[in-house]
Amino acid sequence: MLLIECPWCGQREETEFRYGGQAHVDYPSAPAETGDTEWAEFLFYRDNPAGPFAERWMHAAGCRRWFNAVRDTRTNEFLGVYRIGEGQPA
Amino acid sequence: MTANSERLPEGGRIDRTKPLRATVDGIEILGYRGDTVASAMLANGIRTVAPSLYRSRPRGILGAGNEEPNALVRVERRGSSPMLPATTVELTEGLPVHTLSGIGALEPNSEAKDLDTRFAHTDVLVVGGGPTGLAAALAASEGDARVLLLDDQPELGGALLRGTDAELLDWAGGAAELLRARPEVTVVSRCTAFGYYDENYLLAVERGETLDRQRLWKIRAHHVVLATGANERPIVFAGNDLPGVMLADATRAYVNRYAALPGSEAVIATTNDTAYEAALDLAAAGVSVRAIVDSRAEPPEDLAAMACQAGIEVLADCVVAEATGTDSVAAVRIVRFEQPRRTVRTIRADLLAVSGGWSPDVGLFSQSGGKLRWNETLAAFLPEHSRQRQHIAGAARGRYGFARCVADGRFAGVSAAESCGYPAPDSPLRPGISERATRVETEQRPVWIVPAETGKPAEWREHFVDLQRDATVADIARACGAGMRSPEHIKRYTTIGTGSDQGRTSGLTAVGVLAWLRGMGSPGALGTTSFRAPAVPVSFELLAGRDTGKLLDPVRTTPIHPAHRELGAEFENVGQWKRPWYYAREGEGMHEAVLRECAAARTGVAMMDASTLGKIDLIGPDAGEFLNRLYTNGFKKLAIGSARYGVMCGCDGMVFDDGVVLRLSENHYTLTTTTGGAAGVLDWFEEWLQTEWIELDVWATSVTEQWSTVAVVGPRSREVIGAIAPELAVSNAEFPFMTVRETVLGNGIPARIVRVSFSGELAYEVNVANWHGLAAWREIERAGAGFGITPYGTETMHVLRAEKGFPIVGQDTDGTVTPIDLGMDWIVSKRKDFIGKRSLSRPDTARADRKQLVGLLPDEHGTLIPEGSQLIGEHTPVTPEVAPVPMLGHVTSSYHSAALGRTFALALLRSGRERIGQTVRTPVGDRLVSATVTEPIFYDKEGARRDG
């Protein structure tokens with residue numbers, strides 16, 4: 001079981017968290033003007049890299065705050081966590 | 001055979017002052033405390049266990065630990081497991097043992113066990129209590145690091161327990177004593193680590209001395225030392241499954257640790273040095289050791305000399321070609337290793353002790369993500385690279401011999417403590433012992449298979465590879481013939497290594513045989529199959545522990561629950577909630593009760609407990625804006641004191657939840673969700689507030705359990721509300737539909753009353769603080785008695801709403817249904833944007849032939865179409881020739897209606913609105929019935945009843 005660093009609570013067990021998919025996928029600012037293809041890409045398409053991946057997590061059985069993390073999908077190693085609104089660490 | 005006939009008169013680590021009686025397949029045996037079932041069987045002359053699973057071949061005890069593939073038993077004792085290796089079950093008084101042919105049966109009464117879970121956090125976890133593990137734990141704990149040592153035996157010492165070296169056994173005893181005296185050290189015996197997961201998280205099972213007590217350890221360690229030792233391998237030759245064929249080191253365990261004789265005339269077959277110890281120990285115990293068959297051309301001189309001194313002949317450059325005998329080994333045929341393989345000799349023997357070399361037990365290491373690499377000298381896969389904070393030490397990484405193990409364990413222990421920030425110990429470990437020399441081993445000469453002199457490998461059905469799976473060289477050859485190449489494919493094709501012994505004696509042997517069949521020099525290039533948890537069998541009930549029944553899935557009840565019980569309600573599970581389903585009176589079934597409850601709600605007055613509906617408070621200046629963005633309809637301009645029904649969609653435009661939103665003040669809204677959707681809706685709100693619209697000033701709070709809600713429904717409900725709330729003006733003009741009033745009930749309870757209807761009738765929802773819920777219910781019951789107020793359950797609620805065509809999210813929708821599909825265009829705002837709106841104009845979502853909500857009236861008025869029934873066209877043939885029969889949709893809700901005097905249903909039907917008036921057909925039982933498609937509303941279409 002992974003240990004995940006909640007930026008608010010510190011290291012906690014994986015089972016306390018909910019996964020939220022790829023991070024930094026903004027809801028389109030003007031949906032009505034978004035074309036069908038572009039909208040479908042927003043709805044259904046996400047990256048699936050073998051390597052570092054910025055994704056959203058929520059500390060569901062803890063502080064219930066959302067945050068972002070960069071995880072290496074090959075090893076499950078968390079390379080860093082950061083709060084919503086903070087930029088992705090280099 | 002007599003009781004204890006094969007027990008040595010002295011020696012062993014059994015406690016001869018504690019004699020025990022037990023039975024094996026009804027035969028009484030005698031043993032001592034310290035015996036396993038297997039050692040007691042051998043001591044009583046029982047060498048044969050149940051026949052093999054598939055081929056019914058006679059089988060005996062092969063090993064002395066958890067590698068045992070044959071000697072599987074069931075113990076008729078409180079809390080026992082369905083199937084256990086006899087080599088791991090401690091003998092206790094009166095134990096009734098039955099041998100099994102590879103298949104156990106679940107015990108019907110599993111609650112008899114004491115199962116528990118323990119969590120542990122430690123600086124250093126040491127797995128294995130042999131010389132390596134003891135040295136590691138001693139070194140790690142010297143600087144006061146917290147150390148947890150797990151060992152799977154009742155006694156610490158590991159492989160030392162199988163020997164007779166008193167000095168080494170003393171060392172182990174001293175080490176154990178020292179460890180137990182250290183306050184930061186915890187030693188857990190009879191405890192086997194079976195799972196190694198991310199971030200040094202391990203699971204282990206601790207067994208009691210009896211079988212009915214087990215504890216699951218969940219361990220998080222900063223650093224792990226794996227001192228898991230090594231497993232001896234068998235050699236594949238004809239008849240290698242006969243009783244009497246044993247692993248050489250297991251024979252040592254039986255004579256030295258248990259003082260039990262596994263045979264009287266023995267042949268030793270080996271590829272390496274270690275079996276010489278077995279030969280000498282057997283001879284010392286009085287076994288007539290006829291020969292050591294060594295595959296090497298030049299066995300080491302010192303060992304050969306010792307054998308010679310003990311009167312044992314060493315046959316160098318030889319291998320065993322065949323063990324023969326009817327029910328057990330009677331003779332061993334020995335051939336020259338080099339070609340041509342002429343027979344050297346045939347020797348009479350009842351015990352054939354085999355050592356095909358050693359495989360480090362890398363199971364946990366491999367589970368942890370560690371990488372292995374083939375070592376040609378040791379003929380084994382050795383740990384190469386760790387992925388976690390760990391050391392693997394001693395025999396588990398091919399460092400054999402006491403002194404090497406102690407040195408390696410000590411190094412691992414020191415490193416582990418240092419990595420946790422504890423100083424390295426400055427005193428060496430009991431000098432003299434740790435420096436004790438271990439003789440340098442001579443190179444081994446691996447023998448994976450001794451081929452038969454005749455026939456093809458595909459015919460060698462007596463060359464066994466996996467004894468538990470009854471799989472042979474012939475099976476591997478057949479797998480190769482079918483095109484399998486890799487060990488992973490061979491494993492799946494032949495099932496080798498998939499038994500409860502996890503292939504400890506067959507995994508690498510199978511790879512060796514495969515390499516030989518493919519003409520490869522060694523198994524190194526082929527690799528191993530994956531090691532997975534659990535490394536030893538564990539029961540699901542242990543993993544569940546106390547988390548069963550109510551502790552697994554809590555039961556939620558409302559404060560009004562006692563009243564429902566008094567009324568004799570039948571309950572229905574809705575999520576974790578127990579909701580009254582219907583209230584049957586004397587002589588009523590569900591059907592009659594629901595018809596009566598429906599009639600009361602439509603003609604008089606009825607009441608129901610609606611407290612389970614999710615309730616969320618939204619507070620903040622942007623609450624209205626927030627609701628506007630999430631619901632398909634508008635809420636920003638909702639008047640204070642008013643209520644409005646709303647629907648939410650996901651980003652994909654599919655209906656996600658619905659409910660009623662009240663506006664209590666400028667910045668305070670409160671809303672209901674579906675009973676099952678409450679947690680999901682709150683999560684949804686939080687997700688948007690925290691990740692997307694962080695600029696909105698809104699706070700969402702679950703108040704589901706803060707409020708109790710009683711719905712009062714029916715033409716006479718206004719009179720009941722008037723009676724319970726004397727201060728409230730209840731006329732239609734003063735308290736109109738979809739408004740909310742704060743008042744105090746006649747019994748002094750503050751209440752928030754809403755005029756909202758889920759039945760189409762005049763109706764109210766009385767909300768009170770949770771702790772007043774039961775009192776409010778009783779007050780309404782009392783006030784309504786004169787009007788014949790009737791409690792009703794979820795079934796009646798469903799019928800009433802379905803008659804009005806109100807869909808239930810999650811029953812009439814399934815995540816693929818838009819508000820448009822439900823015919824609720826009226827609730828979809830044209831003026832404002834909302835989550836999911838853009839998706840409603842996607843080409844697929846805007847299709848005219850989507851499945852749409854419609855009503856169905858079965859042609860036979862009394863026929864109830866089962867919910868979930870598939871619908872087909874009126875003239876669609878149902879014959880195998882045109883299968884699959886094209887499906888048009890399915891029934892989502894179906895009921896008897898008291899108001900209509902007939903059955904009716906709701907359905908999702910392809911191009912449903914175009915088909916109104918047409919006929920569809922659906923199977924009911926084994927016949928097809930017809931139904932007419934209608935608007936999804938059956939009662940009071942004009943909505944004349946809601947104002948009373």
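Start by selecting C649(B) in this predicted model: the residue is buried, with a relative accessible area of 0%. Now look for disulfides across all chains, and you will find 0 of them. C649(B) is in none, and its nearest cysteine sulfur, that of C651(B), lies 10 Å away.

Next, jump to C308(B). Is this cysteine buried or exposed? C308(B) counts as exposed, because its relative accessibility is 57%. Why is there no bond to C318(B)? The sulfur of C318(B) is the closest cysteine sulfur to that of C308(B), yet the two are 16 Å apart, too far for a bond. For the reasoning here, the cut-off for a disulfide is 2.5 Å between the sulfur atoms.

**Colour chain B by domain**

Zoom out and paint chain B by its domain assignment: domain 1 covers 1-110, domain 2 covers 113-232 + 358-445, and domain 3 covers 234-356. Continue with domain 4 (447-552), domain 5 (561-611 + 706-801) and domain 6 (848-948).

**Domain 2 against domain 3**

Keep domains 2 and 3 of chain B on screen. Their centres, taken over C-alpha atoms, are separated by 31 Å. Select the contact residues and you should have 14 from domain 2 of chain B and 25 from domain 3 of chain B. Together the two domains of chain B bury about 1700 Å², with 43% of that on carbon and sulfur atoms.

Which residues of domain 2 of chain B lose the most area to domain 3 of chain B? Show R162(B), E232(B) and R445(B) as sticks; together they make up 49% of what the domain 2 side buries.

Stay with R445(B) and add E338(B): their side chains meet in a salt bridge, at 2.3 Å from N to O. There are 3 salt bridges across this interface of domain 2 and domain 3 of chain B. Polar contacts there number 12 residue pairs, both residues at pLDDT 80 or more. If you colour the domain 2 side of chain B that touches domain 3 by class, expect 3 nonpolar, 5 polar and 6 charged residues.

**Chain B against chain A**

Finally, bring chain A back into view. How many residues of chain B are in contact with chain A? The contact takes in 25 residues of chain B and 25 residues of chain A. Between these chains about 2200 Å² is buried, and carbon and sulfur atoms give 49% of that area.

Highlight R220(B), Q690(B) and R838(B), which supply 28% of the area chain B buries against chain A, more than any other three residues.

Then centre on E687(B) and R56(A). This pair forms a salt bridge, with the closest N and O atoms 2.6 Å apart. The interface of chain B and chain A has 6 salt bridges, and also 15 residue pairs in polar contact, with both residues at pLDDT 80 or more.

Key:
Residues are numbered from 1 along each chain as its sequence is written. Chains are lettered from A and ligands numbered from 1 in the order in which they are written. This is a predicted model: local features need pLDDT of at least 70, side-chain atom pairs count only at pLDDT 80 or more; totals for chains, interfaces and linings use all residues. Side-chain values use heavy atoms; hydrogens and water are left out. Buried means under 20% relative accessible area, exposed over 50%, partly exposed in between (1.4 Å probe, protein chains only). Domain bounds come from an automatic or database domain assignment. Contact means heavy atoms within 4.5 Å. Buried area is the accessible area (1.4 Å probe) that two parts lose on being put together, summed over both. A salt bridge is a side-chain nitrogen of Lys or Arg within 4 Å of a carboxyl oxygen of Asp or Glu. A polar contact is a pair of N or O atoms within 3.5 Å; within protein, one must be able to donate a hydrogen and the other to accept it, and residues adjacent in sequence count only if both atoms are side-chain atoms. Ala, Val, Leu, Ile, Met, Phe, Trp, Tyr, Cys and Pro count as nonpolar, Asp, Glu, Lys and Arg as charged, and the others, Gly among them, as polar.
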